[in-house]
Amino acid sequence: MVLLEESQGLKQSLCEAKQISRPNQSYSLLTKNIEMADNLNLAGVLGVLLVLTIFHNPIIVYAGEGVPNVALFTFGDSYYDAGNKVFLSQRKDLPQTYWPYGKSRDYPNGKFSDGHIVPDFIADFISIPNGVLPPVLKPGVDISRGVSFAVADASILGAPVESMTLNQQVVKFKNMKSNWNDSYIEKSLFMIYIGTEDYLNFTKANPNADASAQQAFVTNVINRLKNDIKLLYSLGASKFVVQLLAPLGCLPIVRQEYKTGNECYELLNDLAKQHNGKIGPMLNEFAKISTSPYGFQFTVFDFYNAVLRRIATGRSLNYRFFVTNTSCCGVGTHNAYGCGKGNVHSKLCEYQRSYFFFDGRHNTEKAQEEMAHLLYGADPDVVQPMTVRELIVYPTGETMREYWEPNNLAIRRRPSRDFYLGLSAYY
């Protein structure tokens with residue numbers, strides 16, 4: 001199946017997110033389709049005219065319109081860390097607190113990017129004040145609309161002293177649960193992205209692991225993840241957003257450390273794929289056996305393939321990323337090490353928005369923004385069974401009508417592309 005997202009990139013995604021139409025293009029398409037009318041049946045013609053009429057009279061809907069007031073809670077590692085690591089570490093020279101981190105926002109803020117990260121954009125889309133999700137460990141922050149529990153170096157099976165496992169983050173939420181009433185928690189979003197540290201550490205310790213050892217490790221990770229999600233659910237969470245792991249073997253730091261050149265390190269990619277393949281079925285099971293009055297609802301973001309399409313040779317330009325295998329900031333064969341470190345004379349690219357990766361493991365703000373749009377509602381081809389916006393407005397306690405299905409992304413959402421004769425730019 002040719003994914004719609006592959007052919008259109010972010011420009012079309014943004015149009016879908018805000019439901020923006022292009023009337024002049026609509027008229028040119030109308031002319032083209034009338035010329036082809038002899039080859040269409042009457043129903044096809046009427047369908048085309050109906051679609052064009054709708055888009056000639058657009059209703060522009062902005063992200064937050066029609067979305068209820070909900071909170072956002074995030075859990076995970078450095079990809080979602082809003083600055084918590086700064087308050088856990090005894091070090092005063094954490095790289096993410098120094099320039100050029102935060103470069104696109106004019107100041108370093110403890111996040112692993114040149115600017116905002118995915119949860120910040122989601123927070124903005126759902127009208128959280130200032131459009132930024134605060135770190136839970138920062139004193140005095142406003143947590144009324146949610147908070148980030150994610151911490152750099154976090155993992156599922158274990159974490160360094162100056163970090164927190166996913167379970168510890170969930171327990172932290174449990175201890176703070178009284179700050180929000182139960183009905184508010186039930187309708188709020190719980191986003192999770194974690195597992196990178198588990199597999200990077202496993203690969204370093206077991207470079208020659210055979211298939212059975214890999215499978216056993218993945219099963220162990222998934223079982224612990226399942227228990228942590230189950231604990232969150234028991235605390236009243238009912239709307240889950242789980243982001244699949246990136247193609248870990250393609251991270252610049254991995255290519256640099258394993259000396260793979262322009263190739264990805266397939267052992268890590270295989271582990272990520274095994275892990276990702278178990279997420280959807282696990283969440284399906286939760287949703288189907290839920291007996292709680294507030295139910296269990298979820299969506300899965302296929303981050304793996306969203307990243308892979310943007311870093312694939314020949315496709316990255318579709319998304320206007322000109323450098324996708326090396327980092328904007330750092331040193332080494334892939335500029336993947338040392339960004340922000342005072343004792344490292346790291347290089348900094350001239351224009352970070354042309355790069356997909358900002359440092360050896362994390363994305364630029366531009367890439368983070370693209371992913372947030374995909375998650376929220378721009379492209380259901382990589383989010384299923386529903387987008388984040390749909391998840392928010394889905395009635396709490398109502399049984400899900402659709403579930404995650406392997407290799408069957410968003411088929412329900414689009415009629416045949418042939419039927420619309422070139423109008424797929426609107427879908």
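In which sense do strand β1 (residues 72–76) and β2 pair, and over how many bridges? Select both strands, and you will find that β1 and β2 pair in the parallel sense over three bridges, where strands are DSSP runs of E with at least two residues, helices are runs of H or I with at least four, both numbered from the N terminus, and two strands pair if DSSP finds at least two bridges between them.

Before going further, note that this is a predicted model, in which local features need pLDDT of at least 70 and side-chain atom pairs count only at pLDDT 80 or more, while totals for chains, interfaces and linings use all residues. Residues are numbered from 1 along each chain as its sequence is written, and side-chain values use heavy atoms, with hydrogens and water left out.

**The sheet**

Stay with β1 and pick phenylalanine 73, whose bridge partner in β2 is valine 147. Widening the selection shows an open sheet of six strands with mixed pairing, in the order β2-β1-β3-β4-β5-β10. Because β2 (146–148) and β10 (383–384) stand at the edges with a single partner strand each, one side of each has no neighbour in the sheet. Next add helix α6 (residues 166–176), which lies across β1 and β3 (189–193) and runs at about 155° to β1; contact means heavy atoms within 4.5 Å, and angles run from 0 to 180 degrees between N-to-C directions of axes fitted to C-alpha atoms, for helices over the stretch in contact.

**Loops with unusual backbone**

From the edge strand, move to the loop between β10 and α14 (388–393), which holds proline 385; a cis peptide bond, with omega about 10°, joins glutamine 384 to this proline. Then select the loop between α4 (84–88) and α5 (118–125), where proline 100 lies, and where the peptide bond from tryptophan 99 to proline 100 is cis, with omega near 15°. Aspartate 106 is in the loop between α4 and α5 as well, and has a positive phi of about 75° although it is not a glycine.

**A helix pair**

Now show helix α9 (residues 211–234) with helix α11 (residues 266–289), which pack at an angle of about 40° with their axes 10 Å apart. Among the residues that meet there are Val218, Ile222 and Leu225 in α9, and Leu271, Ile279 and Phe286 in α11.

**The largest cavity**

Finally, turn on a cavity display: the largest cavity contains about 130 Å³ of space, a cavity being a set of points on a 1 Å grid over the protein atoms alone where a 1.4 Å probe fits but cannot get out, with lining residues having an atom within 4 Å of a point, and a volume being the space filled by probe spheres set on points joined across faces, edges and corners. Of its 15 lining residues, Tyr79, Tyr193, Thr196, Leu251 and Arg361 are the closest to the centre.

Note on methods: 1 Å grid on protein atoms, 1.4 Å probe; cavity = no way out; pocket = protein on both sides within 12 Å on 5 of 7 lines; lining within 4 Å.
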